[in-house]
Amino acid sequence: MMTRAESSSSDFEVLVVGAGPAGIAAACAAAESGARVGVVDDNPAAGGQIWRGGAEHSPSAQASAWHGRLTRAGVTFISGAKVVAREAADVLVAETWERTEKLKFARLVLATGARERFLPFPGWTLPHVMGAGGLQALVKSGLSISGKRVVIAGSGPLLLAVAEYLRRAGAQVLLIAEQAPASRIRGFAARLALHLAKFRQAIQLRRALVGVPYRFGMWPVAVSGAEKLEWVELVRDGTKTRVACDYLACGFHLVPNVELAELLGCEIVGGFVRVNELQETAAPGIYCAGEPVGIGGVEAALIEGQIAGYAAAGNVTKARTLFAERASARKFTGLLARTFALRDELRALAAPETLVCRCEDVSHGRLAKYSEWRSAKLQTRCGMGACQGRVCGAAAEFIFGWRAESVRPPIFPARVESLAVSAGAKQ
């Protein structure tokens, strides 16, 4: 039986949305500068996807150190809460299972992270076909992968990290298929030596994955099975290879979560939030750090988060001391973007009957009749399902070159009570 949700309010000098590395760093920097700080995140513990599980499950010494620093900073952490709307210029509305939160702030830091990009191909909706990070998260949450045959495919450094984690969890990793060509990967490896910490991580991952084939210029074109995945077909240099497996973990790099930034009036350029040297967006008093400003990994997120947190708390002098480190980190961000840019052949993976929008069962053939996102959405309901276009929108942008024209509240499915609060109605 559902009960009526309660409503409550909080007031912060600096509010941070997102508790991944960038959000943690921003919260610590702002709190250590004397600001009253709140952090809101939809997970039960801080850490985001990369440091999932909180302080008790820290995957590294670095993660453990930042979790400890966050605890000592004395911030207010609102867990299991999704920001769904904006009530006023300085008030966001967040929703938990039990209540609706009105979060008032003087300055805001957006550290909303990124999600995997999924590209549709025949059979991609079968059970046991999932995102690389998604499968990793399920295993971290208790899914047994021991003895299961796993193929990992798509693009980006995440593939190696997931492969290493799943192998440690007992999976039989059969193959890692990276769509980027060998020439780009070799160039990436050569330049990685300029980023010592990243280079050491890469060496450790490859050592942990000795014996696992790592193929460049290879990608999945179809999967099949009676009731769930049984095999995946991949192509490389025009030659197709069929591999029997229990799971396909597939993600084509990352897509920044910029929906909230768009709703708040931040400027989006090339799919990312535009910020100035202090990480402030085009919307005054709103800062942004981490993947929404550029897919650059943990180090860039931590540096940008600190700059944003210091600046939001008025500690601009301290923020400026990190500019040189950020410049170096952003070189790696650019290197990632160039190396793992998606090849044109991936635009043609889907057959006419392949679903692009799984929520509303909209096929590629139906979408191909339209010239832009708005028309396709109005005529087919593509993007109107539970994910609010987060999966099909990114796919359609790559396949058709479409871009969503606007973002309207709620940015996540929400209760009527939460919508009433965001509209200013009395409970």
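Ala, Val, Leu, Ile, Met, Phe, Trp, Tyr, Cys and Pro count here as nonpolar, Asp, Glu, Lys and Arg as charged, and the others, Gly among them, as polar. With that sorting, the lining of the second largest pocket splits into 22 nonpolar, nine polar and eleven charged residues. The model is a predicted one, so local features need pLDDT of at least 70 and side-chain atom pairs count only at pLDDT 80 or more, while totals for chains, interfaces and linings use all residues. Residues are numbered from 1 along each chain as its sequence is written, and side-chain values use heavy atoms, with hydrogens and water left out.

To stay with that pocket: on a 1 Å grid over the protein atoms alone, a pocket is an open set of points where a 1.4 Å probe fits, with protein on both sides within 12 Å along at least five of seven lines, and lining residues have an atom within 4 Å of a point. Grid points are joined across faces, edges and corners, and a volume is the space filled by probe spheres set on the points. By this reckoning the second largest pocket has about 1,200 Å³. Its lining is made of 42 residues, and R115, E259, E397, R403 and A404 lie nearest the centre. Two or more lining residues come from each of β16 (254-256), α7 (259-263), α10, α12 (373-380) and α13 (392-400). These labels are DSSP runs numbered from the N terminus, helices being H or I with at least four residues and strands E with at least two.

One of the residues named there, E259, sits in helix α7. At 15% relative accessibility E259 counts as buried, a word that means under 20% relative accessible area, with exposed over 50% and partly exposed in between (1.4 Å probe, protein chains only). Leaving aside residues up to four places away in sequence, E259 touches R115, R390, V407 and I411; contact means heavy atoms within 4.5 Å.

Next come the nonpolar cores, each a set of buried Ala, Val, Leu, Ile, Met, Phe, Trp, Tyr and Cys residues joined through side-chain atoms within 4.5 Å. In soluble globular proteins, nonpolar side chains tend to be buried together. The largest core has 41 residues, and V14, V16, V37, V75 and V109 touch the most other members. At least two residues each come from β1 (6-17), α1 (21-32), β2 (37-40), α2 (61-73), α8 and α10, with α8 giving the most, ten residues. Another core, of 39 residues, lies apart from this one and has V223, V235, C357 and W402 among its members.

What does V37 touch, not counting residues up to four places away in sequence? The list is F12, V14, V16, A27, A30, A31, V75 and T76. Over in the other core, V223 belongs to strand β12 (residues 218-224) and is buried at 6% relative accessibility. With the same sequence neighbours left out, up to four places away, V223 touches F121, P122, G123, W124, L126, V129, L229, W231, V232 and L248.

Helix α3 (residues 132-140) has its own buried set: A132, G133, L135, Q136, A137 and V139. Their cover includes β7 (114-116), β8 (129-130), β9 (149-155), α4 and β15 (247-252). After α3 comes G142, with a positive phi near 125°.

Salt bridges, each a side-chain nitrogen of Lys or Arg within 4 Å of a carboxyl oxygen of Asp or Glu, number 16 in the whole structure. In one of them R168 pairs with E164, the closest N and O atoms being 2.6 Å apart. Both residues lie in helix α4 (residues 158-168), four residues apart, about one turn of the helix. R168 is exposed at 59%, whereas E164 is buried at 16%. A second bridge joins E304 and R330 at 3.5 Å, N to O. This pair links distant parts of the chain, with E304 in helix α8 (residues 297-312) and R330 in helix α10 (residues 323-339), 26 residues apart. E304 is buried at 4%, and R330 is partly exposed at 35%.

A few backbone details round things off. P409 and P410 are joined by a cis peptide bond, with omega about -5°, and P410 lies in the loop between α13 and α14 (416-422). D237 is not a glycine, yet has a positive phi of about 55°; D237 sits in the loop between β13 (231-236) and β14 (239-244) and is exposed at 73%.
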